[in-house]
Each structure stands twice: as structure tokens, then as C-alpha cells.
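Here are my notes on the model, set out as numbered points. Please read them with the structure open.

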Amino acid sequence: NKNRIEQWFNTNVPSLASRKDKLDPALLTAEATPRVRQNGRGDFKTLTEAINSVPEGNKERVIIKLGPGEYKRRILLQCRMGKGKEQALSMRISGNKAAFYNCKFYGYQDTICDDTGNHFFKDCYIEGTFDFIFGSGRSLYLSTQLNVVGDGLRVITAHAGKSTEEKSGYSFVHCKVTGTGTGIYLGRAWMSHPKVVYAYTDMSSVVNPSGWHEKTQTERDKTVFYGEYKGSGPGSRKEKRVKYTQDIDTI
């Protein structure tokens with residue numbers, strides 16, 4: 001259950017103070033700076049200042065520590081989808097071993113580009129309309145809320161796997177799928193070999209009974225891996241799921 005997940009996390013992800021002697025020296029340096037504090041007691045007062053402090057062409061790992069408060073950055077909206085539904089990234093993650101805790105991401109189409117590398121999200125909130133988690137990352141989303149807004153075609157994931165050999169995919173464990181309206185899809189085959197699994201996830205009635213969006217490329221029905229394991233809530237019922245859904249409960 002979820003309590004056991006928390007116990008596992010606290011056991012296997014100890015505090016920085018308790019693991020300093022085990023960290024790679026470069027990572028330890030990255031853990032130390034820079035610090036953002038809105039009260040002026042850190043290295044910078046704003047997130048923008050901290051990001052701008054990283055030299056162009058930097059090849060070292062940098063971890064920016066944020067103090068309490070609300071942080072906003074201006075986003076360039078590149079494509080209009082209609083009033084109130086702009087296509088613009090809130091975050092693109094291409095580095096390896098990136099982790100996000102208690103973060104909120106708001107957007108419409110393409111909220112998070114979970115691009116490449118191993119990533120971890122815990123206790124987060126992600127909101128969007130269409131393909132709002134997409135890319136070729138290999139990521140675990142733990143205890144995270146996926147909230148779907150807007151109208152029209154709405155899809156949570158568009159994993160960009162292109163072959164069976166590719167080591168990538170999205171796993172949603174102990175998450176919640178919420179939103180407004182009905183007919184939300186858990187994912188679609190943007191590329192030929194997407195891999196997405198929802199385990200122990202609570203799905204409200206907003207989820208389309210078929211679960212996954214079927215595209216015109218019917219040949220992809222044989223190459224996708226869409227799995228569900230011990231879901232809960234009215235949206236998790238499997239009677240009308242598309243035929244290629246992997247019912248991991250029976251494996």
C-alpha cells in the first residue's frame with residue numbers, strides 16, 4: 001500500500017546529510033549551490049537569477065535549491081490552440097537523474113517534455129489537456145496527481161518510444177487521474193513503441209472506458225505497451241479497454 005511505498009522511499013532515499021560521504025564529489029558540489037531565498041538570505045532572490053548564473057555551455061551538474069515561496073517564470077507561448085489553451089512547455093527535462101518533489105506544473109498542450117534520461121517525480125501535481133507528458137524519458141511518477149482540463153481530444157501521455165530495444169517508458173504508481181468532463185485518454189501512440197504503465201492508480205470517471213487512444217496507424221496496436229495493474233476508481237474498469245491493453249493483474 002501507499003504507506004509501504006513511503007517507508008521504502010524514506011529507507012532508500014536518505015537525507016543529504018546522511019549520505020555526503022557516499023556521493024560523487026561532483027554531485028556533492030552540485031548539491032551545495034546555488035540557493036534561492038526570497039528573503040535575501042540565499043545566493044539569489046529569484047529563480048531566474050539562479051538559472052542565469054549557470055554559464056553557457058556548462059557541462060557540470062547543477063542543483064538549484066528553492067526556499068519557501070511561490071516562484072514564477074515567464075514562458076514564451078509559441079503556438080495558439082485557441083483562447084486559454086496555449087501550447088507551451090512548463091518544463092523540459094533532458095538530463096539524467098533529475099528528481100522533482102512536491103512540484104506543481106501547469107499547462108495545456110505539452111506541459112512537460114519528459115525528454116531523455118532517468119527521472120523521478122514524487123508528490124507532484126501536473127495539469128494539461130493534450131499530450132501533457134511526452135518524450136522519450138525513462139521515468140517514475142510516484143504519488144502524483146494528473147489533472148486534465150479543457151475540452152476536445154484530451155490525452156495524458158505521448159511516450160515517444162521508437163523500438164523494442166529502447167530503454168524508456170513512463171510508470172505511474174499510486175497516482176491519481178482527475179479532471180473535468182469525460183473521455184480522457186491515458187495515452188496515445190505518438191511514436192511506434194510507447195511504453196506506459198499505471199499501477200495502483202486511482203482513476204476518476206473522467207477516463208474514457210477504452211482507456212487508450214486508437215490512432216489511424218493500426219499497425220502500432222502490435223507494438224505499443226500499455227499496462228494497467230490493480231487500478232481503482234470508476235475510470236479503472238477494464239471491460240471496454242482497447243484489446244491491446246496489457247492487463248498486468250493477470251501476468
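1. Confidence. Residues 75-84 have a pLDDT under 50, and the model gives this stretch 15 contacts beyond four places in sequence. The model is a predicted one. Its average pLDDT is 85, and 86% of the residues score at least 70.

2. Strand 14. Strand 14 covers residues 155-159, and five of its five residues are buried. Which strands pair with strand 14? Strand 11 (residues 130-135) pairs with strand 14 in the parallel sense, over four bridges. Within that pairing, Phe 130 stands opposite Val 155, and Phe 134 stands opposite Ala 158. Strand 17 (residues 185-187) also runs parallel to strand 14 and is joined to it by two bridges. Here Thr 157 of strand 14 has Gly 187 opposite.

3. Strand 11. Strand 11 is mostly covered as well, with six of its six residues buried. Besides its pairing with strand 14, strand 11 pairs in the parallel sense with strand 8 (residues 112-114) over two bridges. Phe 134 is the bridge partner of Cys 113 and also stands opposite Ala 158 in strand 14.

4. Aromatic pairs. The structure holds 16 aromatic pairs. In one of them, the ring centres of Phe 121 and Tyr 141 are 4.4 Å apart and the planes meet at 5°; an angle under 30 degrees counts as stacked, so this pair is stacked. Phe 121 belongs to strand 9 (residues 118-122) and Tyr 141 to strand 12 (residues 138-142), so the pair ties together parts that are 20 residues apart in sequence. Is this pair buried or exposed? Phe 121 is buried, at a relative accessible area of 0%, and Tyr 141 is buried at 0% too.

5. A second stacked pair. Trp 212 and Tyr 226 have ring centres 4.0 Å apart and planes at 5°, so they are stacked. Trp 212 lies in the loop between strand 19 (202-203) and strand 20 (225-229), while Tyr 226 is in strand 20; the pair therefore ties together parts that are 14 residues apart in sequence. Trp 212 is buried, with a relative accessible area of 0%, and Tyr 226 is buried at 1%.

6. Aromatic cluster. Both stacked pairs belong to one aromatic cluster, formed by Phe 100, Phe 105, Phe 121, Tyr 141, Tyr 170, Phe 172, Tyr 198, Trp 212, Tyr 226 and Tyr 244.

7. Salt bridges. The whole structure has eight salt bridges. One of them joins Asp 115 to Arg 92, with the closest N and O atoms 2.9 Å apart. Asp 115 lies in the loop between strand 8 and strand 9 and Arg 92 in strand 5 (residues 91-93), so this salt bridge ties together parts that are 23 residues apart in sequence. Asp 115 is buried, with a relative accessible area of 16%, whereas Arg 92 is exposed at 55%.

8. Other salt bridges. Arg 35 forms a salt bridge with Asp 43, the closest N and O atoms being 3.6 Å apart. Arg 35 is partly exposed at 35%, as is Asp 43 at 40%. In the salt bridge between Arg 237 and Glu 239, the closest N and O atoms are 2.9 Å apart. Arg 237 is exposed, with 54% relative accessibility, and Glu 239 is exposed at 59%.

9. Lys 122 and its partners. Shared partners link salt bridges of Glu 6, Lys 122 and Asp 123 into one network. The charged end of Lys 122 also sits over the ring of Phe 9, 4.7 Å from the ring centre.

10. Positive phi. Most residues other than glycine have a negative phi. Which residues here have a positive phi although they are not glycines? Asn 102 has a phi of about 55°, and Asp 123 also has a positive phi of about 55°. Asn 102 is in the loop between strand 6 (98-101) and strand 7 (104-106) and is exposed, at 59% relative accessibility. Asp 123 is in the loop between strand 9 and strand 10 (125-128) and is partly exposed, with a relative accessible area of 28%.

Notes:
Residues are numbered from 1 along each chain as its sequence is written. This is a predicted model: local features need pLDDT of at least 70, side-chain atom pairs count only at pLDDT 80 or more; totals for chains, interfaces and linings use all residues. Side-chain values use heavy atoms; hydrogens and water are left out. Rings of Phe, Tyr and Trp (its six-membered ring) pair if their centres lie within 6.5 Å; planes under 30 degrees apart count as stacked, over 60 as edge-to-face and the rest as tilted. Buried means under 20% relative accessible area, exposed over 50%, partly exposed in between (1.4 Å probe, protein chains only). A charge sits over a ring if NZ of Lys or CZ of Arg is within 6 Å of the ring centre and within 35 degrees of the ring normal. Two strands pair if DSSP finds at least two bridges between them. pLDDT is the predictor's confidence in each residue, from 0 to 100. Contact means heavy atoms within 4.5 Å. A salt bridge is a side-chain nitrogen of Lys or Arg within 4 Å of a carboxyl oxygen of Asp or Glu.
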